[in-house]
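Me: I've got this one open on my screen and want to talk it through. Can you help me make sense of it?

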Amino acid sequence: MGNSLNAWSDALAGFQPAGLPLGLLIIAAIPLVFIALYALTYGVYGERKISAFMQDRLGPMEVGKWGILQTLADILKLLQKEDIVPTSADKFLFVIGPGVLFVGSFLAFAVLPFSPAFIGANLNVGLFFAIGIVALEVVGILAAGWGSNNKWSLYGAVRSVAQIVSYEIPAAIALLCGAMMAGTLDMQQINILQSGTYGFAHFFLFQSPIAWLPFLIYFIASLAEVNRAPFDIPEAESELVAGYFTEYSGMKFAVIFLAEYGSMFMVSAIISIVFLGGWNSPLPNIGPIALNDMTTGPVWGAFWIISKGFFFIFVQMWLRWTLPRLRVDQLMYVCWKVLTPFAFVSFVLTAIWEIYVP
Amino acid sequence: MSNPTYTAIFYLFAAITVFSAAFVVFSRNVIYSAFSLLFTFFGIAALYVFLSADFIAVTQVVVYVGGILVLLLFGVMFTNNIMDTDLKTDVLHAIPGTFLFLGILAALLFTFYTTNGWMPSDTQLQGSVVERIGFETMSRYVLPFEMASILLLAALIGAAFLARYDNGGTNEH
Amino acid sequence: MDQTLSEFGNVFVFFLLGVVFVAGGYLTARMLRPSRPNPVKTSTYECGEEAVGSAWVKFNIRFYVVALIFIIFDVEVVFLFPWATVFRQLGSFALVEALVFAGILILGLVYAWVKGDLDWVRPTPSVPKMPEMPASKSTSQRD
């Protein structure tokens, strides 16, 4: 497995017919297609069905059997919808906002290892890059909110940005704990360090009892970073209509929507990579039954990381129908007076554990 | 750097940096100026990548785009009637300004051309830059590392203090 | 060096593809969708009411304070990431240095906390006083 590291992406990068880096484009296109497919199936149809079942409803049932063609109808609708630009809006920022948001969300996928054999860009500072590129989304949200010149939009954007930047502190410190356990910021290395024949027992979450603290802190903070419930005050439909994308329709709305689902998968994948082994199989070898060896490999790796990501997205959807929305003051209280101090505690404990406990 | 593609991309980013910076200065719409800084910061981050300083490049994005730019945008957005005010970017003191500009430019170019050592270094960095930075902050630069923390503390207290006492006006929201 | 550069080259390709995707999406939609704007349709949405004034108004300064505090801690985390990759080789010395570093900043957090900079304006719900009713006599006797 070690020798096949990044085999697919390296092979693709070498694919340069007539000197054109076509292979690099394919590398970048794979995550893009993945985002689109996942957002349209699991994101649209899945979330509606899951929400419906949690509320004892049926969800979409009209289009196709069990409403399975609902997604297709949604795409057609979004493509054909008239694109309304308000007269009083700042046209340039209104148009560029969703684009910046999407590019920021998509760039983070460059450093996600989708399989032992595939990663977009194997940076030395991959984890740090994934934390940092959220900054671009923040600017996109502000551009969209300000450009709309709508009170709901601007208020939603400012709330959203204040929330994202605040929660980035506990999130970053929690991931710092993961980086301390790994001793590297290279995403593939972090995964390799968690592989072994005992499956899940090698995951950082089970390597030290302290790892649960940063894991929980990052999970809570990541909910806030992607504006999911219970931290969805930026787009609280009962008070702000739709937050920073109130004025958007048609394709621009679709782009914002893809960016949001992209970010949801991104944070879920990061939490899986840093604490739950990423593409490593959780199954242990039990005596002669080598379950771990059977479920390890490039294709299995992709299966594991995507399932782990989907599991956390499912939890995000579940929480939406479980927890009530926080108020702004509660939001800031949770971030600065609960999560940040605990993040520092977990930082100190992890450092002590890593140095004094082998 | 011999690869022509990399050279082309380098000049692309250099151009983006310079032109967006010029736009920041010359734009009459202060909000456009602020958003234009995004491209300046990104261009600079890309230039760091060309110096193989990957950690510094990402730091540039984290701190400047994620922090400073958001702060600037908030600052612009929270100022009363910013869109009604016509920005006066009139040229004042044109002749002394030109002399100052030419003087600084000459001084910079002089230093630039007379300083030796703009050659690519023979000793290429081995291993990851991040780990080298980690080792250096823990060995040769321990004191600056701790001083940075005190500086940040002073900045935090100062910022909190100023923001608290400027809060006398009415808060509309 | 070339390794770093080529990996960031991949990131650049991701960037280009993202831009092309968004631009292509806009263009496709532009070709397919109708465009029949009218003054009512393109007015600012404010739940059916006519929008009063511009949305570009002054905001609560506390959002600004949050961004300020964020930058300070962001810079701190940036300093700690290189440290995290090497601290195990350096042992107790690195641990003490980082604890001093983080400790000084935690002092800042404590300062902001004590001075109330982290408190958001809370809603103060005013419960309307009910007029005194004869039936409440029994409850008031209880205490």
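Me: Which residues of α5(B) meet α2(C)?

Reply: This is a predicted model, to start with. From α5(B), the residues that meet α2(C) are Val130(B), Glu131(B), Ile133(B), Gly134(B), Phe135(B), Thr137(B) and Met138(B). On the α2(C) side they meet Pro82(C), Trp83(C), Thr85(C), Val86(C) and Leu90(C).

Me: And how many of those are nonpolar, polar or charged?

Reply: The contact of α5(B) with α2(C) has eight nonpolar residues, three polar and one charged.

Me: At what angle do α5(B) and α2(C) pack?

Reply: About 65°, and their axes are 7 Å apart. Helix α5 of chain B covers residues 129-138.

Me: Is that crossing left-handed or right-handed?

Reply: Right-handed, as α5(B) passes α2(C).

Me: OK, moving to chain C and chain A. How many residues are in contact there?

Reply: On the chain C side 60 residues, and they are in contact with 65 residues of chain A. Three helices of chain C each supply at least two residues to that side: α1 (2-32), α2 (62-90) and α3 (92-114).

Me: Which one gives the largest share?

Reply: α1(C), with 18 residues of the side that touches chain A. By class, that side of chain C divides into 39 nonpolar residues, 13 polar and eight charged.

Me: What does chain C look like by itself? How many helices and strands?

Reply: Four helices and zero strands, so to speak a plain α-α-α-α pattern along the sequence. Chain C has 143 residues, and 38% of them count as buried.

Me: Which parts of chain C does UniProt list as "transmembrane region"?

Reply: The record, an unreviewed entry, puts that annotation on residues 12-29, 63-84 and 90-114 of chain C. In the model, residues 12-29 of chain C are 100% helix and 0% strand, with the end C-alpha atoms 26 Å apart. For residues 90-114 of chain C the helix figure is 96%, strand is 0%, and the end C-alpha atoms are 35 Å apart.

Me: Which element of chain C has the lowest mean pLDDT?

Reply: That's helix α4(C), residues 137-142, with a mean of 45, while α3(C) has the highest at 85. Over residues 136-143 of chain C the pLDDT is below 50, and that stretch has zero contacts in the model beyond near neighbours in sequence. Chain C as a whole averages 76, with 74% of the residues scoring at least 70.

Me: And chain B, what's its mean pLDDT?

Reply: Chain B has a mean of 79, and 79% of its residues reach 70 or more. Residues 167-173 of chain B are below 50, and that stretch has seven contacts in the model, leaving out near neighbours in sequence.

Me: What's the make-up of chain B, helices and strands?

Reply: Six helices and zero strands. Of the 173 residues of chain B, 24% count as buried. Take the contacts in chain B between residues at least 6 apart in sequence: 52% of them join residues at least 24 apart.

Me: Where does UniProt put "transmembrane region" in chain B?

Reply: The unreviewed entry lists residues 6-26, 31-51, 57-79, 91-113 and 141-163 of chain B. Among them, residues 31-51 of chain B come out as 95% helix and 0% strand, with the end C-alpha atoms 31 Å apart. Residues 141-163 of chain B are 96% helix and 0% strand, and there the end C-alpha atoms lie 33 Å apart.

Me: Switching to chain A. What does Leu5(A) touch?

Reply: Pro116(A) and Gln188(A), not counting residues up to four places away in sequence. Gln188(A) is 183 residues from Leu5(A) along the chain, yet their C-alpha atoms are separated by 8.3 Å. Leu5(A) is in the segment before α1 (7-14) of chain A.

Me: Why does Leu5(A) count as partly exposed?

Reply: Because Leu5(A) has 18 C-beta neighbours inside 10 Å, and a residue needs 20 or more to be buried and 12 or fewer to be exposed.

Me: Last one, Asp56(A). Buried or exposed?

Reply: Exposed, because Asp56(A) has 6 other C-beta atoms within 10 Å. Asp56(A) lies in the loop between α2 (22-54) and α3 (70-80) of chain A. Its phi is near 60°, a positive value in a residue other than glycine.

Me: And the scores for the model, ipTM and pTM? What are they?

Reply: The model scores ipTM 0.82 and pTM 0.84.

How values were computed:
Residues numbered from 1 in each chain as written. Chains lettered and ligands numbered in written order. Predicted model: local features only at pLDDT ≥ 70, side-chain atom pairs only at ≥ 80, totals over all residues. Contact = placed C-beta atoms within 7 Å. Nonpolar A, V, L, I, M, F, W, Y, C, P; charged D, E, K, R; others polar. UniProt positions renumbered as here; feature names shortened; annotations may be inferred. Axes fitted to C-alpha atoms, helices over the stretch in contact; angles between N-to-C directions. Left-handed = near helix turned anticlockwise from the far one by under 90°. pLDDT = per-residue confidence, 0-100.
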